[in-house]
Amino acid sequence: TLYLPPYNGLVSLEIGLSADAKIRKPSPHIPVKPAVFYGTSITQGGCANNAGGDYPSIVSRALNLDTVNLGFSGCGQGEPEVARMIREIDASLFALDYVANVTPDQLRRTLPPFVKILRDAHPKTPIVLMGKIVYATASYDKAYLEQHEQRRDIMIHFYSRRRKAGDENIHFIDGDALIPYGADLSHVDGGHPTGAGFQLM
């Protein structure tokens, strides 16, 4: 697997091998459905130190699992049109990580229909709701912290209602637990993770 640069264009590519290296046929591929990650510049890996340093790629290598990274920098706002496109993918898991791009009101409006579109097409496929990681802004901006907590509450309550209604394949990952607050060298700008932050995630 080659990870190409996310921002720079590729003009040429060469792979160096030792003189005594052997290229062999790979072991048989066991087809496994990919995990789909939908979200923001964080999902995209916008500030990772290197290509392949985003957390979906790290998960891919750790689990030997194909991943589809649908991280949209500055976009990814839970649009139903996007949900209808994503539902076309025969996935092993859908992870929704778009909370950082929406206000609490937008999240309240978009999350239920987005999940419904996926669930109607994939009744048993796991759906993971990923809470927003904590930005450094939360330590000094009370209004920001309140919005962060509102988003968290909306996700937890939505998740809880779905579980009580019998959806056993919906899960919640608390963003507050993905990168411990104050973790050293974990953010570029107090919000976007570095490679070290993505490893923690």
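A polar contact is a pair of N or O atoms within 3.5 Å, one able to donate a hydrogen and the other to accept it. That cut-off is needed for the first point. The model is a predicted one.

1. **Asp54 and Asn69.** The side chain of Asp54 makes a polar contact with the side chain of Asn69, at 3.3 Å. Asp54 sits in the loop between helix 1 (41–44) and helix 2 (55–63). Leaving out residues up to four places away in sequence, Asp54 touches Thr43, Gln44, Gly45, Ala48, Asn69 and Phe198. Asn69 is thus named twice for Asp54: in the polar contact and among the residues touched.

2. **A buried acid without a salt bridge.** Asp54 is buried, yet has no salt bridge. Which side chain of opposite charge is nearest to Asp54? Arg61, at 6.3 Å. A salt bridge requires a side-chain nitrogen of Lys or Arg within 4 Å of a carboxyl oxygen, so the Arg61 side chain does not qualify.

3. **Helix 2.** The buried residues in helix 2 are Tyr55, Pro56, Ser57, Ile58 and Ser60. What covers them includes strand 1 (35–39), strand 2 (67–71), strand 3 (93–97) and strand 4 (127–130). Helix 1 and helix 7 are also part of that cover. Just after helix 2, Asn64 takes a positive phi of about 50°. Check that residue when looking over the backbone.

4. **Phe94.** Phe94 lies in strand 3. Its relative accessibility is 1%, so Phe94 counts as buried. Not counting residues up to four places away in sequence, Phe94 touches Val36, Ile86, Ile89, Leu118, His122, Thr125, Pro126, Ile127 and Val128. Val68 is 26 residues from Phe94 in sequence, and their C-alpha atoms are 9.6 Å apart in space.

5. **Cavities.** How many cavities of 30 Å³ or more are there? The count comes to two. The largest cavity holds about 60 Å³ of space. Its lining consists of Thr40, Ile42, Asp97, Val99, Ala100, Gly131, Lys132, Ile133, Leu178 and Met201.

6. **Ser186.** Ser186 is in the loop between helix 6 (175–178) and helix 7 (195–200). Is Ser186 buried or exposed? Ser186 is buried, because its relative accessible area is 4%. Its side chain makes a polar contact with the side chain of His187, at 2.9 Å. Not counting residues up to four places away in sequence, Ser186 touches Ile179, His192, Pro193, Thr194, Gly197 and Leu200.

7. **Salt bridges of Arg152.** The model has eight salt bridges by count. One of them joins the side chains of Arg152 and Asp174, at 2.5 Å from N to O. This pair links distant parts of the chain: Arg152 is in helix 5, and Asp174 is in the loop between strand 5 (170–173) and helix 6, 22 residues apart. Arg152 is partly exposed, with a relative accessible area of 29%. Arg152 also forms a salt bridge with Asp176, where the closest N and O atoms are 3.5 Å apart. Here too distant parts of the chain are linked, with Asp176 in helix 6, Arg152 in helix 5, and their positions 24 residues apart. Asp176 is partly exposed, at a relative accessible area of 30%.

8. **Arg162 and Asp167.** The side chains of Arg162 and Asp167 meet in a salt bridge, 3.0 Å from N to O. Which of the two is buried, and which partly exposed? Arg162 counts as partly exposed, at 21% relative accessibility. Asp167 is buried, with a relative accessible area of 9%. The cut-off for buried is under 20%, so Arg162 falls outside it. Salt bridges that share partners join Arg119, Arg162 and Asp167 into one network.

9. **Glu149.** Glu149 lies in helix 5, residues 142–164. Glu149 is partly exposed, with a relative accessible area of 42%. Gly191 is 42 residues away along the chain, and the C-alpha atoms of Glu149 and Gly191 are separated by 16 Å.

Technical notes
Residues are numbered from 1 along each chain as its sequence is written. This is a predicted model: local features need pLDDT of at least 70, side-chain atom pairs count only at pLDDT 80 or more; totals for chains, interfaces and linings use all residues. Side-chain values use heavy atoms; hydrogens and water are left out. Helices (H or I, at least four residues) and strands (E, at least two) are DSSP runs, numbered from the N terminus. Buried means under 20% relative accessible area, exposed over 50%, partly exposed in between (1.4 Å probe, protein chains only). Lys and Arg count as positive and Asp and Glu as negative; His and the chain ends are not counted. Contact means heavy atoms within 4.5 Å. On a 1 Å grid over the protein atoms alone, a cavity is a set of points where a 1.4 Å probe fits but cannot get out, and a pocket is an open set with protein on both sides within 12 Å along at least five of seven lines; lining residues have an atom within 4 Å of a point. Grid points are joined across faces, edges and corners, and a volume is the space filled by probe spheres set on the points.
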